[in-house]
Amino acid sequence: FESCNLGSINLFKFLREENGEFEIDWERLREVTFLAVRFLDNVIEANKFPLPQIKENTLKTRKIGLGIMGFATMLGFLGIPYDSDDAVELAKRIMSFIYKSAKEESMRLASIRGVFPAWKGSEWDKKTTRIRNATLTTVAPTGTISIIAGPTSSGIEPNFSLCYYRNVLEGEKLLEVDPAFEYIAKREGFYSEDLMKKIAAGESIQKMEEVPEKFKRVFKTAMEISPLWHIKMQAAFQEFTDNAVSKTINLPNNATVEDVKEAYLLSYKLRCKGVTVYRDGSRSVQVLTVEKKKEEKRHEITEEKQSV
């Protein structure tokens with residue numbers, strides 16, 4: 001009987017360019033985090049609850065779930081491959097920064113508006129931390145709102161494709177293009193309409209001579225990234241998230257039951273609160289699709305355990 005009071009910061013909007021290089025505007029990210037926490041706390045007061053039990057429990061703990069989207073798009077502009085230690089460390093730095101900022105603002109609100117009613121006897125009480133909201137952070141899927149706020153990548157997911165068709169309504173298709181890849185392609189001079197069409201048709205840039213090797217490394221897509229890195233990324237964000245992290249562990253069509261088992265066990269080992277796996281093609285109609293089948297490549301988790 002609690003409620004999902006969620007909000008997501010679009011990381012793509014917190015990049016600034018200096019001398020052709022992008023960097024994160026940390027001060028602006030802090031300010032927006034403050035605003036987001038105050039906004040979500042206000043939502044609790046403004047909301048019309050459908051059931052008295054939901055109202056009672058929501059007001060008792062005042063839980064909020066501030067998260068992010070646009071992480072993969074941000075990595076693209078920064079030139080950092082998703083499946084890299086640099087990306088995992090940046091994920092921890094960003095989520096830690098947002099969490100600390102959210103906590104600071106919630107404590108400030110508590111000094112003005114009071115702590116959440118169930119504070120006495122809570123974990124926060126044991127830490128003698130007077131805070132307005134029992135939980136602060138969540139990483140939601142942001143599938144729909146990333147379209148509204150976009151184009152930007154959803155949640156903490158890598159790009160499903162750099163250019164793809166999204167199935168909506170009754171058979172209608174919308175073309176989506178990753179803004180980081182489009183920007184880099186135009187800046188580096190390898191952008192073309194033909195290139196976009198080939199990608200949308202399901203061809204991987206990993207086999208395209210016109211795309212420089214260093215950008216092939218940066219712009220790997222979800223199915224080109226090992227499940228190991230999907231899970232490591234989820235675990236990195238979970239470390240600084242009160243509630244759960246939404247993340248799909250993408251598996252190729254030829255994934256086995258054993259592959260799924262290994263994904264579950266590794267997620268447990270790395271202290272993820274939950275895990276979702278999806279084997280490509282396991283449903284007759286997928287929300288995200290490309291025009292033709294990509295060449296399937298199986299990624300083994302077991303072979304890479306030593307690097308965890």
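Colleague: Which residues of α3 are buried?

Modeller: In this predicted model, the buried residues of α3 are F71, A72, T73, M74, L75, G76 and F77. Buried here means under 20% relative accessible area, and since seven of the eight residues of helix α3, which covers residues 71-78, fall into that class, the helix is largely enclosed by the rest of the structure.

Colleague: What phi does G79 take just after α3?

Modeller: The phi of G79, which comes just after α3, is positive, at about 75°.

Colleague: How should I read the radius of gyration of the protein chain, 21 Å?

Modeller: One sets it beside the value for a compact globule, which for 308 residues would be near 19 Å, and the 21 Å of the protein chain agrees with that. The C-alpha trace, taken along its principal axes, spans about 60 × 50 × 45 Å, and the secondary structure within the chain comes to eleven helices and nine strands.

Colleague: What share of the contacts with a separation of 6 or more joins residues 24 or more positions apart?

Modeller: Such pairs account for 72% of those contacts in the protein chain, where a contact means heavy atoms within 4.5 Å. Buried residues, for their part, make up 48% of the 308 residues.

Colleague: And the surface: how much area does the protein chain expose, and what part do carbon and sulfur atoms supply?

Modeller: About 15700 Å² is exposed, with carbon and sulfur atoms supplying 51% of it. As for charge, the protein chain has 46 positive and 45 negative charges, and the mean positions of these two sets lie 7 Å apart.

Methods. Residues numbered from 1 in each chain as written. Predicted model: local features only at pLDDT ≥ 70, side-chain atom pairs only at ≥ 80, totals over all residues. Heavy atoms only, no water. Helix = DSSP H or I, 4+ residues; strand = E, 2+ residues; numbered from the N terminus. Rg over C-alpha atoms; globule rule 2.2 N^0.38 Å. Buried < 20%, exposed > 50% of the residue type's maximum accessible area, 1.4 Å probe, protein only. Areas by Shrake-Rupley, 256 points an atom, 1.4 Å probe, with all protein chains shown as cover. Lys, Arg positive; Asp, Glu negative; His and termini not counted. Charge placed at Lys NZ, Arg CZ, Asp CG, Glu CD.
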